[in-house]
Amino acid sequence: MQLLINGGISPRGSIDISAAKNSVLPILACCTMCKGTVVLHNIAPFGDILNMLSLLKDLGAKAEWDNGIATIDCSGINKWVVNASYANRIRASICLLGPLSTYGETIEIALPGGCNIGARPVDIHIAGMQKLGFDVEQGENLVCIPKSPKSNTIKLSMPSVGATQNLMMAACGIKGTTTILNAACEPEVQDLADFINLMGGNITGAGTPNIVIDGGVQLHGGQYTPIGDRIVAGTYLLTSALGLGGDVTTVGVNPMYCQATLKILQDMGCKIGVGKDWVRVQSDGRLQGIGHIKTRPFPGLATDMQAQLVVVLSLAKGKSIVYENMFENRFGHVSQLNKMGADITIKDNSLIINGVGKLAPQQLQATDLRCGAAMVVAGLAVDGLSTVDNVHFIDRGYFGIENDLKKLGLNVIRSE
Ligand code: UD1
């Protein structure tokens, strides 16, 4: 499958954003802890989300998606093994570690295979589970045995999003008070806590580095609408900053969640407008480079925006330096942008970008999800026809990207 992109058009219009993949995946995992049916709203059928629903079904749950609504009933779960065929399809299968641990059974989760954005260790997840009284063995599979689960204080060596979410969920199943220190502050962590609290749990402090969980309460079912996807919104807003002028609005994401990206766009010369759940980015002509930026944990610049921002910076005036601080091999877009005429040099974990003003059409490859998004953005920047292969990577985190971009007047077609 390929995307055919006829670029060089100034984007104008508004896009409604659906629930964040990185919120929905842990929330779906958390449904395994809920007694009763959970109904989730504003859910787009991203590849990763459909795979997670299949995984839940494989464990014995009922899990359906229809017209933006996911309905999950986990009363039938009778299996605590996540096998490799699922773990390879969906890296977020690791977020079942915490929820399944609450069943008091030995659980086994296959670790995802080779990765194309760098090693993704799970040592922080393991250390935290051990602090909560589980024996964890890591071979090809992660085996987690409930030796003597107990509440505790856990200080994370790094504010890992996935580990914070896993430990929050595991702690919900353990009587007593667990405190997570140096926790990740990402909005998706807070969203998971909001979901858990609505289902009867008791978590305070999510969204800050200190999270307190009063565990031992059975969660029930209910209805929930996860937060909108700040990375999807950010990607679409960037199309307004490609030197072609533009006027793009996204609806459904709190602008606070995109603040680092918006600050960069503003510094580059874009005009930013915000409301409670919308953002508008307008620009005229070629923008200014921004010196030095670095990806960091929230509220810093999200690593998931790095590839797309590099496209914008490679078109802007002057020199920019981007330091990728979160993952060690997240530069799949660079050689392809250089083939289009960009001037980007990789130096250790940094990219040195000399803005070139114009790129040329090219046959491009998505090598991972966000690289794929960046390739689409790059195709939109240039006059003429570019193609992007491996669209399945993009579909993992954007549903029908070509249809969304059409709403901005852009010309992207999917060919089978
Ligand atoms: C989540 C997001 C992903 C995003 C990332 C960073 C989901 C499903 N995915 O991934 O889109 O790119 O946050 O914002 O929400 N680390 C360790 N040991 C561990 C865990 C993590 O060393 O046990 C390191 C990682 O290698 C990385 C950093 O910590 O350098 C951040 O990783 P983490 O926050 O855990 O990312 P994920 O939860 O995997």
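Which elements do the buried residues of α5 pack against? Keep that in mind while I walk you through this one. It is a predicted model.

Start with the helix itself. α5 covers residues 123-131. Its buried residues are Ile 124, His 125, Ile 126, Gly 128 and Met 129.

Now the answer. Two helices take part in that packing: α4, at 97-101, and α6, at 161-172. Three strands do as well: β8 (135-138), β9 (141-145) and β10 (153-155). Just past the end of α5 sits Gly 133, with a positive phi of about 90°.

On to the ligand. Which helix gives the most to the shell around the ligand? That is α5, with 3 residues. α6 also appears here: α5 and α6 each supply at least two shell residues. So α6 turns up twice, as a packing partner of α5 and as a supplier of the shell.

What does the shell consist of? Of its residues, 8 are nonpolar, 5 polar and 4 charged. There are 17 residues around the ligand, and the ones that come nearest are Asp 123, Ser 160, Val 161, Asp 304 and Met 326.

Next, the backbone contacts. A backbone N or O atom of Met 326 lies 2.4 Å from a ligand oxygen. For Ile 124, a backbone N or O atom is 2.8 Å from an oxygen atom of the ligand. Gly 162 has a polar backbone atom 2.8 Å from a ligand oxygen. How much of the ligand does the protein cover? It covers 84% of the 740 Å² of accessible area that the ligand has on its own.

Ile 124 is the residue to remember: buried in α5, with a backbone atom 2.8 Å from a ligand oxygen.

Conventions:
Residues are numbered from 1 along each chain as its sequence is written. This is a predicted model: local features need pLDDT of at least 70, side-chain atom pairs count only at pLDDT 80 or more; totals for chains, interfaces and linings use all residues. Side-chain values use heavy atoms; hydrogens and water are left out. Buried means under 20% relative accessible area, exposed over 50%, partly exposed in between (1.4 Å probe, protein chains only). Helices (H or I, at least four residues) and strands (E, at least two) are DSSP runs, numbered from the N terminus. Contact means heavy atoms within 4.5 Å. A residue is near a molecule or strand if one of its heavy atoms lies within 4 Å of it. A polar contact is a pair of N or O atoms within 3.5 Å; within protein, one must be able to donate a hydrogen and the other to accept it, and residues adjacent in sequence count only if both atoms are side-chain atoms. Accessible areas come from the Shrake-Rupley method with a 1.4 Å probe; for residues, only the protein chains shown count as cover. Ala, Val, Leu, Ile, Met, Phe, Trp, Tyr, Cys and Pro count as nonpolar, Asp, Glu, Lys and Arg as charged, and the others, Gly among them, as polar.
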